[in-house]
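Please look over the sequence and the model shown here before reading on. The notes afterwards are meant to be read alongside them, slowly and in order.

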Amino acid sequence: MGRQETAAPAIELRGISKAFGPVQANKDISIKVAKGTIHGIIGENGAGKSTLMSILYGFYKADSGEILINGIPTAIPDSQAAISAGIGMVFQHFKLVENFTVLENIVLGAEDGSLLKPSLAKARKLLKQLSEEYELRVDPDARIENLSVGHQQRVEILKALYRKADILILDEPTGVLTPDEADHLFRILKGLKDEGKTIILITHKLREIMEVTDTVSVMRRGEMTATVKTSETSPEDLAERMVGRKVLLRVDKKPANPGRNVLEIKNLRVVDDKGVERVKGIDLTVRAGEIVGIAGVAGNGQSELLEVLGGYAKATGSVKLNGVELDLTGKHSDGKSRREKGIAHVPEDRHSEGLILDFQAWENVAFGYQDDPRYNRNAILMDNAAILKDTQEKMERFDVRPPNPRLAAKSFSGGNQQKIVLAREIERNPDLLLVGQPTRGVDIGAIEFIHQQIVALRDQGKAILLVSVELEEILGLADRIAVMFDGHIMGERLPHQTNEKELGLLMAGVNEGAA
Amino acid sequence: MKKMPKWADVLLIPAINLSLAFLISGLVIWAIGKDPWVAIKTMVQGSFGDSRGLGYTLYYTTNFIFTGLAVAVASHARLFNIGGEGQATVGGLGVALVCLAVPWPHWTLALPAAILGGALFGAAWAAIPAYLQAKRGSHIVITTIMFNFIAAALLGYLLVNVLKEPGNMAAETRSFPPGAHLPTFHEMLAPFGIDFNKNAPANISFLVALLCLIGFYVLIWKTRLGYAIRAFGQSESAAVYAGISPVKITIIAMLISGGLAGLMAINNVMGEAERLILNSVEGAGFIGIAVALMGRNHPVGVFLAALLFGFLYQGGAELALWESIPRELIVVIQGLVILLTGALDNMVRAPLEKLFLSFGKGEA
Amino acid sequence: DPAIIFDLGGKFDKSFNEAAFNGATKWAEETGGSFREIELQSEAQREQALRRFAENGNNPIVMAGFAFASALEAVAPDFPDTKFVIIDMVVDQPNVRSVVFNEHEGSYLVGVMAAKASKTGTVGFIGGMDIPLISKFACGYVQGVKATNPDATVIQNMTGTTPAAWNDPVKGGELTKAQISQGADVVYAAAGGTGLGVLQTAADEGILSIGVDSNQNYLHPGKVLTSMLKRVDVAVYNAFKDGEDLETGFSVLGLANDGVGVAMDEHNASLVDDEMKAAVEAAKAGIISGEIKVHDYMSDESCPVM
Amino acid sequence: MDFLTIIQILDSTVRLATPLLLACLAGLFSERSGVFDIGLEGKMLAAAFLSAAVAAVTGNAWLGLCAGIFASVLMALLHGLASITFRGDQLISGVAINFLAAGLTVVIGQSWFALGGRTPSLIGGGRFPDITLPFADALAEVPVIGQIYSELISGHSILVYVAMAAVPLTWWVLYRTRFGLRLRAVGENPGAVDTAGISVVRLRYTAVIICGVLCGIAGSYLSTGLAAGFVKDMTAGRGFIALAALIFAKWRPWQALGACLLFGLLEAIGNRYQNIDILGATLPVQFMQALPYMLTVVILPGFVGKAIPPRAGGEAYVKER
Ligand SMILES: Nc1ncnc2c1ncn2[C@@H]1O[C@H](COP(=O)(O)OP(=O)(O)OP(=O)(O)O)[C@@H](O)[C@H]1O
Ligand SMILES: Nc1ncnc2c1ncn2[C@@H]1O[C@H](COP(=O)(O)OP(=O)(O)OP(=O)(O)O)[C@@H](O)[C@H]1O
Ligand SMILES: [Mg+2]
Ligand SMILES: [Mg+2]
């Protein structure tokens, strides 16, 4: 009862409440995080995790409540105050200036004087030191927009360390990382922890919680429902606390029963608008009734592959759908013509491609299918009533919450947004479904549902091409796995005959079994 | 847990904003030594008090509906068309050529032809900036500004050197044939026993403008094309994913926009002046920007904003007529109205929203 | 009360409208009477203002500018008891007095003076917009110059293609500089507010300028050679003085009846020597007698000397 | 075309480009910070008026300049209030400012001087005189170099040199100082600036005020440098041309200089050669006057390519809705 109890927690929140207009994002939340620990926070989409952390970082102002740092009540009216209190935060959506260099991003707001030169020089030196100390190597002169997400995240962490943060908050840091990058991140976090820094980690991935955290809190609908020691809980237990019901953490599916070839790709090459060859001659077949998963680190040509198949990028080579050659020149094809041929496409990025965030749900359900006769009265007028009705039904079948077709897409949580896209594409009954990153940023309750839907479509005898950076997802969902690296397919594996380690090596461009 | 009720959003806030604008205008009027109360009475009386005033108000309103819709269509595709002025100028040329080319027997024939002429010429004038934006990435704001100047030069040249009647001092075409005369409200309403002022310039173009408002609504929210325009305007990358061609939509949206601006000419050129004169657009293209922005690119909003500006124009004229108030003061009032109802909207909205929220909570 | 309607340029344009305003003011000061006025803001207001004043019982109603013609054609018959006066244009109605000026004659005279004053043999003309009225000024001017010095060069410029061209002194100044660099040492400006920039730059650069409509000699004493007077003020003053029973019909104000002329006052006395004066007087006499025919651009829309 | 003519045209180019350049750099600061500004015209006009008015009353051009800057900054603050504090639409606010300036300058001018919105003509110390640089007269006879120096470089108002100096200064501020780094950042991603502990609001206000100062100099140059007094609407669309130049320059200082000089050059050429005879036919004056605009349209796609505005431009920074 002595010493350990008296040491003040690094962070203590008391009775934090926050409302956005009518939405109560945080309700009377209290929590303590001990110094030198990694504390996990989990919760469904929209549970209020990001809001709580943003309050701690001074980005939002709490309506009521108190913050204590190292036992001292501290007012955090803005991020400046948070930074001086030793808090650093890596946001879910990075706060980086895209066309700035790494160095510029790091010194921004932490300059030493009114001239840049000395600041940059000093930062360069410190950066070198930091990156060696923590394995956080990045090119200080690279532009952010040319960096992979993993590297961008390193920049965010370096930013916090450069400002001498003792408390580091990471909001869904692994949503966009490869398993390798995630492991790397966790090594860094553990290193930081060993130095006595305190870390708060928000994630949807229970595996990560179990792996790296010391304690974990669960949030539901704006409230903190539980805080437990990680060693005293299990993934199933956490999932249940989070969602309020039992969740199946493994994908439940029967063995595949593949039929004819639906998609045949031969020697496909894609050159992007900067003249860089992104896909360098790949061959791939997808059969009816099977899910082919493409694993790989983001940026190795998967996105371009999906774009070509989706009809809005040019390529050379040959792609056949049900034995019929597709136009790859872009002259006679676009997203619309591909859909008419029976290719549905759940794009990787729901915010910039899959959805129009300011459109209402029903308008998004017609998105890409605006020319469908069922959605149109005649050659000119759309049949909005029919779309609304269809949306209502889709929302019920796919359990989109809230099931209000008139709500703007941006008002749905990530998981529910994804369900809208999925409902739209799956219910088209396509011959081929292209799915990119189906569960990025989605909470586990929704993941379970999305996976079930994809499997169900397969069981109807449809061909599915799945692209994901989540190895776990690929392993659980795919019937056959192709690994892409640098525009090539490094090899194909069957899920039950391989493991994360082998796939990880392939993703890194190492093909041991190739000989 | 209720948000602000809709009536407060669409009626109360604009009303408060407008009152503020007029309050400040009143102070300005008072500052230059006139009676603000008399001024406002003169304005309202002069623009809505009788059928003459109303006829003028609606005449201006008609112009602003066309140019406001022109800006609004382009805005839905996230294109900022500040070329309404030039497009309306060239549209006037189209209308004039149509009206002068044929000895029209009756307006029922002349009007559709003039509509076509105005819209086509206006659209053509928007076509080059549209093409350059879609295909070459030239910024539409620059090109449309440039095309305003070029249109003025073109019209000046044509009127002075080609279309002008010999012996006429003014650079203008001859008057249109009587068959191209559009019925004014007086003529339109006489059969119904309504005696509308004979000389007010409001004419059947107003009804065309109303049809355009409805057409605009249908186009933007009920048709596939409108859907594509809005989708493209919201997100180009998403539009590409959905198979909507950015090039095509950019060009189509600008053609419609230019066509609407050009259509304005059936009101000012064919309906009012009945001949083509220099500078007949008189800045209506620029007012259209304010109208579209204040009307939130929605036809009801555009209509109300156009009416507001029609009122300011006509009321301003009356003010100048009877109160000897310099016309620039009217410009100041217009500026204040735009500023308060358009740009400083949140000054009133935010506190009001809070107020309603706390009421809502009290009830819950 | 009488009423006056100013054209779109506004009553303080330093030339045409302002001259009209001065005439009205002079009448008001002399008689102690009052008058109504309005500055137009839009084309549609022409007819509106006419009618409103007529209905209000204002009589006579003077409008300054040729652009009123078609509005007046429509309005005049509806108010047979009201007298209208239109300046710069002919409207053939029983209750309308049309006042036109022989600007070409006055411009001829300033052309003579320009040619006399020029040492380089190159003189300039700067107009506002390219409209027929401005060509009328230009054509008379060129004739005067050429008659005096057949070898002289006249550089002509227009300021712009939009109404902004009447209010752009900066551009007026640049055009003046451009003309100076081409050798011009006398510049005649017929460009409203833009002309102020012309006169200013000419004064700055040490060349001579010629004002228009009102007497602008005082703006830069000793640097404005003269001003081509167009006595719009007289036309307005007369109309107001004649009152409700003014004589209608066609009235031409030219050199003969001092409707146009050149401004000679203390501000330009030092610039005008006796020889120049004599030349001007001779030209004036010749024009009045019909010996010198100054071509009116408006008669056939062409200028023989340009 | 002889050498002297070229010099004279370039000389005219410099004068015509100066107000554009100042307004363009003004817009650059504002828009780089994420606040779009189509009210450059109005700010210039307000400054042109007040500077001329004060210069006329005091007979001191410098006081006039201060007053012009004051007027312009006032307008800029109004724009800031609407678009930063109250998160209003930046375009509407800009349009409103253009209206207000067009109206107020004449209304105030009329009740002040009773000259119909005109100010009295400025004389003597009320105007910025042209400065003759050292040795300019002595070198005037030296061919080429001397001519360039004495005719083209020397003999402009001080404000011309201020405008020219503003280009490298802007570049330096933008790319070499802490303020510049933050300014560029806030126009690209205000969230990044905010979370780095910098006040977005303060930063944007600073930018908008700088914009006001530069527009103030531009307007003052028009009425107290180039012309000698204020005439209503005397900016004559230059604010919009400056905006076009800014887009042309892709929001960069040196390119802004290039774009403004180009616009100035085209106008100077249009002024100089209004009636060109080509193959016996005279090109109409309207053609020559529209030529700069037509050339802009032609040059734009050929040489400039796509202009990408600051990413956060045009939108108010809202973190809570
Ligand atoms: N800036 C904002 N303005 C208005 N409402 C907001 C804002 N940010 C969040 N909300 C609302 O507050 C609630 C909590 O959101 P928050 O982002 O904290 O959730 P989260 O737990 O981080 O979700 P996720 O797992 O999807 O990241 C949601 O209902 C959301 O709609
Ligand atoms: N500014 C905002 N206004 C309204 N709702 C918001 C705002 N920001 C976020 N939200 C909502 O808050 C919830 C969580 O937002 P968050 O930014 O964490 O994205 P998300 O749902 O996790 O999606 P993703 O991870 O795919 O980006 C969502 O419902 C989102 O729509
Ligand atoms: Mg979140
Ligand atoms: Mg999320």
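What follows is a briefing on confidence, chains, annotated spans and two ligand sites.

This is a predicted model, in which local features need pLDDT of at least 70, side-chain atom pairs count only at pLDDT 80 or more, and totals for chains, interfaces and linings use all residues, while side-chain values use heavy atoms and leave out hydrogens and water. Residues are numbered from 1 along each chain as its sequence is written, and chains are lettered from A and ligands numbered from 1 in the order in which they are written. For the complex, the predictor gives an ipTM of 0.86 and a pTM of 0.88.

**Confidence**

- Chain A has a mean pLDDT of 89 (pLDDT is the predictor's confidence in each residue, from 0 to 100), and 98% of its residues reach 70 or more.
- Chain D also averages a pLDDT of 89, with 96% of the residues scoring at least 70.
- Over residues 1–5 of chain A the pLDDT stays under 50, and the model has zero contacts for them beyond four places in sequence, where contact means heavy atoms within 4.5 Å.

**Chains**

- Five pairs of chains touch, and among these the most contacts are between chains B and D.
- Chain A and chain C, by comparison, are joined by no contact, and their closest C-alpha atoms lie 38 Å apart.

**Annotated spans of chain A**

- An unreviewed UniProt entry carries the annotation "domain: ABC transporter" for residues 11–246 and 263–511 of chain A; positions are given in the numbering used here, feature names are shortened, and annotations may be inferred rather than shown by experiment.
- Residues 11–246 of chain A are 36% helix and 26% strand, with end C-alpha atoms 32 Å apart, where helices (H or I, at least four residues) and strands (E, at least two) are DSSP runs numbered from the N terminus.
- Residues 263–511 of chain A are 33% helix and 24% strand, and the end C-alpha atoms of this span lie 26 Å apart.

**Ligand 1**

- The site of ligand 1 is shared between chains, because residues from both chain A and chain D surround the ligand.
- There are 18 residues around ligand 1 (each with a heavy atom within 4 Å of it), and those that come nearest are A:Asn45, A:Gly46, A:Lys49, A:Ser50 and A:Thr51.
- By class, this shell holds five nonpolar, seven polar and six charged residues, where Ala, Val, Leu, Ile, Met, Phe, Trp, Tyr, Cys and Pro count as nonpolar, Asp, Glu, Lys and Arg as charged, and the others, Gly among them, as polar.
- Oxygen atoms of ligand 1 lie 2.8 Å from a polar backbone atom of A:Gly48, 2.6 Å from an N or O atom in the side chain of A:Ser50, and 2.5 Å from a polar side-chain atom of A:Thr51.
- On its own ligand 1 has 630 Å² of accessible area (by the Shrake-Rupley method with a 1.4 Å probe), of which the protein covers 74%.
- Strand S2 (23–33) and helix H2 (49–56) of chain A are the elements that give two or more residues to the shell around ligand 1, and H2(A) gives the most, with three residues.

**Ligand 2**

- Ligand 2 lies between chains A and D, and of the ten residues around this ligand A:Gln92, A:His93, A:Arg350, A:Lys410 and A:Gly414 come nearest.
- The shell around ligand 2 divides into one nonpolar, six polar and three charged residues.
- An oxygen atom of ligand 2 lies 3.0 Å from a polar side-chain atom of A:His93, and an oxygen atom of ligand 2 is 2.8 Å from a polar backbone atom of A:Gly414.
- Taken alone, ligand 2 exposes 600 Å², and the protein buries 64% of that.

Terms used
A polar contact is a pair of N or O atoms within 3.5 Å; within protein, one must be able to donate a hydrogen and the other to accept it, and residues adjacent in sequence count only if both atoms are side-chain atoms.
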